[in-house]
Amino acid sequence: MVAVQKDYWYFLVLMMSLYFLKGSVQMKAPESSIILQEGMVLHCLCPWSGHLTMVSWTKKSLSRPVAVYHPQYGSNFAPSYDGRVEFLKTTPMDGSISIMNVTEGDIGHYHCSLQTYPQGSWTKDILVEKKAITTTISIQPNIELLATENDNMTIRCDHVHKGVVYQVSIEKLGEEEGSSNIIATCQMLDSGVELSEFSSRGQLNCSDAMEVSLHLTNIIKEDGGFYRCNFSTDSGVQTTTILLNTLSSQELRSLRYMLYVYIGGGVVGGTLLMSLILLLTRVNRRKRRREEYRIKLQPGKRQHNQYDHGCVYDRMKKGTRTGAKDKEIYANFQIVRAHEKQNQKRKQKR
């Protein structure tokens, strides 16, 4: 009898939800993951305002819902989760649950479905997995920003995506894998654009072109990290990840000092290189000049000139010597004999 009443209760809740949600639009949040741990929270916070009609949590490995909440009929849980699951209800549109006394049987894919009026349903898938010992997942951001502490910075979700955008949400990813906190959502309604804020950090703005911007003033170290913009379009959910790097004043001074060192080193290195090039050029020039001077000093290494006087003098000397050998020498023998007779007479008188 109790089982029949529960089945009837589930059927009644489902029929009422379908009645209120007829013709509404269904929105789906990006899938996230969380590590299995005691008291883990599976977040399912609807990004817009309205009236919550029902929240249901299902798991792929179970044939019946894990937990169901209705504002009028209360809560109901599956036998394996009864006494271990609690609806947090931090806000009127919050369908998050916490699970206690966890076991490895709680690992798996969970599906959260929030039925609201008049906007429609909002769903989210969460994967609960066991912590890996040596696995690390790195996120590759689409945009990187750099800001110093006490500075101002604006994070913009205006990336162009294909399709018609119905909703844009911005969230900050937590340090734990799969954890995130929704900062704001911008939704296109018949009456215009509606901005819902879930964080008091920074100033939010939503334009008619479905562009969300988060302006942070007096930035602190905790503002750094990954931000994700989720675009719900007619072709599905598309995301853009932004990485905000924050630097303290000391880190900024150290960065500037290293920058000055690198610039100074580059200038000194360039100066030394130019000096070395000039020195080698000057040495090669002097070496070339000395070589030219040596060629001038050594005649054998230079080209002979037929009009050179030295060569003419050498030829004249050689020609004179050669002619002296060939020419005859004439002498006056009568004069010689007369001198010899006079010399003999002088000797006899003595």
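**Strands, sheets and cores in the predicted model**

Strand β2, residues 32-35, is covered on both of its faces. On one side S32 and I34 are buried, and on the other S33 and I35 are buried as well. The structure described here is a predicted model. Strand β2 pairs with strand β10 (residues 121-129) in the parallel sense, over four bridges. Within this pairing, S32 of β2 stands opposite I126 of β10.

Strand β10 also contributes to the largest nonpolar core, as one of the elements that give two or more residues to it. This core has 29 residues. Those with the most contacts inside the core are L42, V55, W57, F87, Y110, L114 and W122. Besides β10, the elements that supply two or more residues are β3 (40-42), β4 (51-59), β5 (67-70), β7 (85-87), β8 (97-99) and β9 (108-117). Apart from the largest core lies another, of 21 residues, among them I183, C186, L216 and F231. In soluble globular proteins, nonpolar side chains tend to be buried together.

The surroundings of L114 can be listed in full. When residues up to four places away in sequence are not counted, L114 touches C44, C46, L52, M54, V55, M93, G95, G120, S121 and W122.

Two open sheets of three strands are described next. In one, the strand order is β3-β8-β7 and the pairing is antiparallel. Strands β3 and β7 are the edge strands, each pairing on one side only. From one strand to the next, the twist averages 25°. Strands β7 and β8 run antiparallel and are joined by three bridges, and the bridge partner of F87 in β8 is I97.

The other sheet has the order β12-β17-β16, again with antiparallel pairing. Strands β12 (153-157) and β16 (203-206) stand at the edges; each has a single partner strand, so one side of each is left without a neighbour in the sheet. The twist in this sheet averages 15° from one strand to the next. Five bridges link β12 to strand β17 (residues 212-216) in the antiparallel sense, and I155 stands opposite L214 of β17.

A further strand, β13, spans residues 165-173 and contains S169. S169 counts as buried because its relative accessibility is 10%, the cut-off for a buried residue being under 20%. With neighbours within four places in sequence left aside, S169 is in contact with A184, T185, R228, C229 and N230.

Technical notes:
Residues are numbered from 1 along each chain as its sequence is written. This is a predicted model: local features need pLDDT of at least 70, side-chain atom pairs count only at pLDDT 80 or more; totals for chains, interfaces and linings use all residues. Side-chain values use heavy atoms; hydrogens and water are left out. Buried means under 20% relative accessible area, exposed over 50%, partly exposed in between (1.4 Å probe, protein chains only). Contact means heavy atoms within 4.5 Å. Two strands pair if DSSP finds at least two bridges between them. A nonpolar core is a set of buried Ala, Val, Leu, Ile, Met, Phe, Trp, Tyr and Cys residues joined through side-chain atoms within 4.5 Å. Axes are lines fitted to C-alpha atoms, for helices over the stretch in contact, and angles run from 0 to 180 degrees between N-to-C directions.
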